[in-house]
Amino acid sequence: MTKKYTPKDIEPKWQSYWEKERTFYTDHSSDKPKFYMLEMFPYPSGRLHMGHVRNYSIGDVVARYKKKCGFNVMHPFGWDAFGLPAENAAIERGIHPSTWTYSNIKDMRGQLQKLGLGYDWDKEIATCHPDYYKWEQLVFVRALEKGLVYRKKALVNWSEKMQTVLANEQVIDGCDYRYGLPVVQKELTQWFFKTTAYAEDLLEGINNELEGNWPDRVLLEQRARIGKSHGAQVDFKLETPVDDETLISVFTTRPDTLYGVTFMSLAPEHPMAQKLAKGTSEEKAVNDFIQKVLMEDKHKRGADDYEKEGVFTGKHCINPVNGDKIPVYIANFVLMDYGTGAVMAVPAHDQRDFEFAKKYDIPIKIVISPKDGTKLNPEDMTEAFTGAGFEVNSGEFDNVSNDEAKEAIASHLERTGVGGKTVNYRIRDWCVSRQRYWGAPIPIIYCEKCGAVPVPENQLPVLLPEDVEFKAEGGSPLARNEEFINTECPKCGGSARRETDTFDTFMESSWYQLRYASPRYEEAPLDGKEVEKWLPVDQYIGGIEHAVGHLMYSRFYHRLMQDLGFFPKTVSSEPFKKLLTQGMVCKEAKYTLDANGQPVWHSDDKIDDNNLSLINGEKVTTGRVEKMSKSKHNGVDPEKIMEQYGVDSARMFVLFASPPENDLVWKEEGVEGVHRYLSRVWNMVQTRKDDVAAAKTYSGNGEDLADDAAELWKLTHQTIKKVTGDIHDKFHFNTAIARCMELMNAISKFNHENIDVNKSVQKDAVASLVNLLSPFAPHVCEEMWTLIGEQGDVCNAPWPTFDERALKENTVTIALQVMGKLRGKMDVPADCSKQDLEKLALEHENVKKHIEGKTVRKIIVVPGKLVNIVAN
């Protein structure tokens, strides 16, 4: 009697076996070629979601495949454990962030182990542990010594009620996320890494190492963030100095328009924005405008269709090339993310400036005349002229082409000491200060006599105290903890105070891939020899939302640690060799119709438990596709799915339903379909296991096989080749699984007729199918591998190889053309001669119809592909 496929009996058994045998733990003594597989580590929120299942299943397939291909695989796991949710839990539930975090780690580790993922748990790290964050404190101190860290004032989102800084995502429509009260911009002193010092190197790394290995979209966003531009710096002298400031410097890619500047516009974030109006009648209007704009979305502010608004500061500056007196405005469309945050505005030749000038009645001065000789009149212009032409109203540069004028005017600025040619980068230095508790303390001590002093290396780590009080108001608990704050100066021994800010949590996730190579090393952040052996990561997998932030910081931090001497220059300057960005897991949203027939959208938690097609008695219709999220209550609990269908079915569905780089629409019937397929494979193995186990492996060339056996032999090896290509080259797991389904169907129909050679072909087909499926559905494949009498574990079995002889087709399909147009097709023997192809083509009924009454001038034969007859 065939034993039923019961995942609950199979999966725990093999998970325990793998852990006991340490199957997926790294072999540091192996001489096999290395393969470092890594997925972006998660924040320990407490529960896995289907996005986690998809991400980690993709990585597990790659790791298992590489292991079977003879690589020494390192596949570690850890936890990005610092962060704001833990502080919120402490406030809302009275649980210390440490307790909450480690409890969540324990729960999520258990969930991951239930998924049968092949991780090396000896390498597990949690970034909230002092043994981890003490090393980034050391990196900070060393970088400070090298001049790669500095301190300056910067604007932050400030909640007066909570007395704390808020992250951008905690500000909703200009108000704080907790009380709904207005948030203001406040200038605080912050610590920064000099990421700008690495701008050119980061750009070269894209061109030299990442091109072709990372998704184009990610590289496009990385290049845009670095934002290299060639242009000129221009220094505009203030008519009256402001707090000892005498200049406003701008970067422009259009020095050819310098003579046409009629106003200056500053970003609200510009350091001089508030200073300019201080003590003037415009001060209140300027400050109110700045606060209003700073609460608006930056991306919207930069959009072309965004309404241009501004306010006059009451101050003027002087154009260095013609002496014009220029009013200085604060404008909402100017961002600090580019150039200096100050823009020389030329409304005649820039559309945004043109719209602003029209709105505020600012003069428009034409300095480029179109090449076609068209005369421009400022009063008649309806839009800016941005094309090429010749300089006018530009002094000594009149009649010069504007392209030539760019170079000439930039050189003039350099000669006269008011600017010159320069290269600008959009990338900004990294602010790493956070006014939070649950993060790594910044290792700085403030002394009235000695200033800001780094904590000596022999006193690291600066431990995060646990005896703190959590309140929704009053700022970071560290700032109220006198025992933590009060200390002595390492230089003079006098009374001093500790820095109460903690590091941005991007710090922890910027170097974890390096620490995995030697996670228990106690002499330094890294064991250089292990880094040299394992880095870079061969395959990195994570979400597209990290295209800029995490990936850019990691690329910078990797270079920083290398330059500080923590690992050799022989290691690549790029941390991640190849990158795959997987799509989101989505779900169809549900709606009912209101009295007007309009859709009312509902989250899953509103659906009646007893009738999944009703909400409050109303019929539910599925509609738009939305990303699964807690806030929308439309998530699917992976444990419930695994309980009902098994781990292998859940894993295999998220791999089969869509290519990994595309979004996946969750359908439970799809999981059910995969479960039925695995049940069919299981039943097929059950019924044939004795014959398969007893048979010998087929070693012939196919010539001794009858038609059915020959077809199965060929399909087996064709499947091996195609699945190998799908996994190895493309990560097209969906097509790989589909090919396995085709092979399964062929095996099910095959009758060996008790002939030994046929049994051998069947044996190879079944063993190959189980082997090919094993990275996708590892538990059931281990069980089936044992049932068919194969030696060892399928996860350690070599990846199957294909026989080239089996790939040769007996027949090929030839396209038949007349004058280049397709007129038919025919199947012919693969070794059909050129003469026979010509003869058969001329005898084809449809070809004869199209050449009737014509003279055949030429017959073109492309063996194995087509015959084209030229006739007229």
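Q: Looking at helix 19, residues 647–656, how many of the ten residues are buried?
A: In this predicted model, nine of the ten residues of helix 19 are buried, so the helix is largely enclosed by the rest of the structure.

Q: OK, which residues of helix 19 are the buried ones?
A: They are Val647, Asp648, Ser649, Ala650, Arg651, Met652, Phe653, Val654 and Leu655.

Q: And strand 1, how many of the six residues there are buried?
A: Five of the six residues of strand 1 are buried, and therefore strand 1, like the helix we just discussed, is largely enclosed by the rest of the structure.

Q: What sheet does strand 1 sit in, and in which order do the strands come?
A: Strand 1 belongs to an open sheet formed by four strands, whose order is 2-1-26-27 and whose pairing is parallel.

Q: Which strands are at the edges of that one?
A: The edges are taken by strand 2, residues 72–74, and by strand 27, residues 579–582, each of which pairs on one side only.

Q: By how many degrees are neighbouring strands of the sheet turned against each other?
A: On average, and with direction ignored, neighbouring strands of this sheet are turned by 20 degrees against each other.

Q: Back to strand 1, how many bridges join it to strand 2?
A: Strand 1, which covers residues 34–39, is joined to strand 2 by three bridges, and the two strands run parallel.

Q: Which residues stand opposite Phe35 and Tyr36?
A: Phe35 stands opposite Val73 in strand 2, while Tyr36 stands opposite Met74 in strand 2.

Q: Zooming out, how many helices and strands does the protein chain have?
A: The protein chain has 27 helices and 37 strands, and its C-alpha atoms fill a box of roughly 100 × 85 × 70 Å when this is taken along the principal axes.

Q: What share of the chain is buried?
A: Of the 872 residues in the protein chain, 53% are buried, and the chain exposes about 39,700 Å², with carbon and sulfur atoms supplying 48% of that area.

Q: What about contacts between residues that lie at least 24 apart in sequence?
A: If you take the contacts in the protein chain between residues at least 6 apart in sequence, 71% of them join residues at least 24 apart.

Q: Last topic, charges: how many positive and negative ones are there, and how far apart are their mean positions?
A: There are 110 positive and 130 negative charges in the protein chain, and their mean positions are 2 Å apart.

Key. Residues numbered from 1 in each chain as written. Predicted model: local features only at pLDDT ≥ 70, side-chain atom pairs only at ≥ 80, totals over all residues. Heavy atoms only, no water. Buried < 20%, exposed > 50% of the residue type's maximum accessible area, 1.4 Å probe, protein only. Contact = heavy atoms within 4.5 Å. Areas by Shrake-Rupley, 256 points an atom, 1.4 Å probe, with all protein chains shown as cover. Lys, Arg positive; Asp, Glu negative; His and termini not counted. Charge placed at Lys NZ, Arg CZ, Asp CG, Glu CD. Pairing = 2+ DSSP bridges. Axes fitted to C-alpha atoms, helices over the stretch in contact; angles between N-to-C directions.
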